[in-house]
Amino acid sequence: MNRNIRVHTIDSFAKIGEVSTGNPAGFVLNETLTELEMRRIAAEVGFSETAFVTDCRSEQRGNKADFKVRFFTPNEEVDLCGHATIGLFSGLYQLGMLRSGQWTQETKAGILRVQIGENGTVLMEQAPPQMTEIVDKAGVAKSLGLSIEELHPSLPCQIVSTGLKDLLIPVRDVKVLEKISADDKAISAISEALNITGYHVFAVTGENSARCRNFAPLYAIPEEAATGTSNGALTAYLDYYLKQSKKFTFIQGVEMGIPSQINGFIDEMGIIWVGGIACHMGEKVVSL
């Protein structure tokens, strides 16, 4: 007998007051599913990530969280997903299942806090930043169809994580960002060799802003319109190298025709948060 699973859909990191913006995510509530079934659902939904949640309290390392959440791309499970988290908690708020305030989720990246504002804005705590290997620019530039000279002359290409490892790649300006011609096979090979999720390419546009593009073909995501964890990593990177601001606005997805706005900031305790709004709730049904 077929089993129909309801998947809520929502556009995360949408730009306020604008249609056709944000990165779509799916989330499934209160279903007992095997890992194989979660993989099948995520593949059929086809979004870059789908979240699967249970509403009972979970336990991890002796701590209690309000929710246990797993995240799947169309072909792999990942430890954490920012835009799916924003979509999930915004969706629970819009469905009347959560009130504004602070909540916690258990993920494979640890137990992290989520704040829901009175206006429905959702902020997600990031794991402590880890800034590791600086990567040679030559192969990276070539995989993006760029010359080394088109990358930023002084900022490094570096692996940074606030939950997921990405290679942060600064380019000279927005014109370079727009002309990228990504080689999915080369990016996948480099990502696999470096054990990273993908590339987060950016151009600094002001002392507290940047425009970004994100490529994760190794996880069946050629390009993504909004990435919370990648911009959490970018918040840490810009704070470390530029030391100009503790609050940032990132625009992503412009080249895909679905611009998204992600806000990142560092609180007085040094904790990184990313957030935004989510809207346009819908529904899909997947038959198992």
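**Figure 1. Glu 31 and Arg 3 meet in a salt bridge in this predicted model.** The nitrogen-to-oxygen distance between the two side chains is 3.0 Å. Glu 31 belongs to the loop between strand 2 (23-29) and helix 1 (35-45), and Arg 3 to the segment before strand 1 (4-14), so the salt bridge ties together parts that are 28 residues apart in sequence. Glu 31 is partly exposed, its relative accessible area being 31%. Arg 3 is also partly exposed, at 30% relative accessibility. A search of the whole structure gives 13 salt bridges.

**Figure 2. A salt bridge joins Arg 113 and Glu 125.** The closest N and O atoms of this pair are 3.0 Å apart. Arg 113 is in strand 9 (residues 110-116) and Glu 125 in strand 10 (residues 122-125), so that the pair links distant parts of the chain, 12 residues apart. How buried or exposed is each partner? Arg 113 is partly exposed, with 24% relative accessibility, whereas Glu 125 is buried at 13%.

**Figure 3. Arg 211 and Glu 178 form a salt bridge between a strand and a helix.** The N to O distance is 3.1 Å. Arg 211 lies in strand 15 (residues 209-216) and Glu 178 in helix 4 (residues 174-178); the two are 33 residues apart, and the pair links distant parts of the chain. Here the arginine is the buried partner: Arg 211 has a relative accessibility of 16%. Glu 178 is partly exposed, with a relative accessible area of 45%.

**Figure 4. Five charged residues are linked in a network of salt bridges.** The members are Glu 35, Arg 39, Arg 70, Glu 77 and Lys 108. Side chains of opposite charge can pair when their charged atoms come close.

**Figure 5. Phe 67 and Phe 89 form an edge-to-face aromatic pair.** The structure holds six aromatic pairs. In the pair of Phe 67 and Phe 89, the ring centres are 5.6 Å apart and the planes stand at 90°. Phe 67 is in strand 6 (residues 67-72) and Phe 89 in helix 2 (residues 82-94), with 22 residues from one to the other, and the pair links distant parts of the chain. Both rings belong to buried residues: Phe 67 has a relative accessible area of 7%, and Phe 89 is at 0%.

**Figure 6. Tyr 237 and Tyr 241 form a tilted aromatic pair.** Their ring centres are 4.8 Å apart and their planes are at 50°, so the pair counts as tilted. Both residues are in helix 6 (residues 228-241), and because they are four residues apart there, about one helical turn separates them. Tyr 237 is buried, at 0% relative accessibility, while Tyr 241 is partly exposed at 27%. These two residues belong to one aromatic cluster with Phe 202 and Tyr 240. The charged end of Lys 243 sits over the ring of Tyr 240, 5.2 Å from the ring centre.

**Figure 7. Tyr 237 and the nonpolar cores.** The largest nonpolar core has 42 residues. Which of them touch the most other members? They are Phe 67, Phe 71, Leu 88, Phe 89, Leu 234, Tyr 237 and Phe 250. Helix 2 supplies the largest share of this core, five residues. Apart from neighbours within four places in sequence, Tyr 237 is in contact with Met 131, Leu 155, Pro 156, Gln 158, Val 160, Leu 168, Pro 170 and Phe 202. A second, separate core has 21 residues, among them Cys 157, Ile 169, Val 171 and Val 201.

**Figure 8. Ser 191 is a buried residue of helix 5 (residues 184-194).** The relative accessible area of Ser 191 is 1%. Not counting residues up to four places away in sequence, Ser 191 touches Ile 196, Thr 197, Gly 198, Tyr 199 and Leu 218.

**Figure 9. Strand 15 and strand 16 form a hairpin.** The two strands pair in the antiparallel sense over two bridges, strand 16 covering residues 221-224. Asn 214 stands opposite Glu 224 in strand 16. Four residues lie between the strands, and in the turn Ala 220 has a positive phi of about 65°.

Definitions and conventions:
Residues numbered from 1 in each chain as written. Predicted model: local features only at pLDDT ≥ 70, side-chain atom pairs only at ≥ 80, totals over all residues. Heavy atoms only, no water. Salt bridge = Lys/Arg side-chain N within 4 Å of Asp/Glu carboxyl O. Buried < 20%, exposed > 50% of the residue type's maximum accessible area, 1.4 Å probe, protein only. Phe/Tyr/Trp six-rings, centres within 6.5 Å; stacked < 30°, edge-to-face > 60°. Lys NZ or Arg CZ within 6 Å of the ring centre and 35° of its normal. Contact = heavy atoms within 4.5 Å. Pairing = 2+ DSSP bridges. Core = buried A, V, L, I, M, F, W, Y, C linked by side-chain atoms within 4.5 Å.
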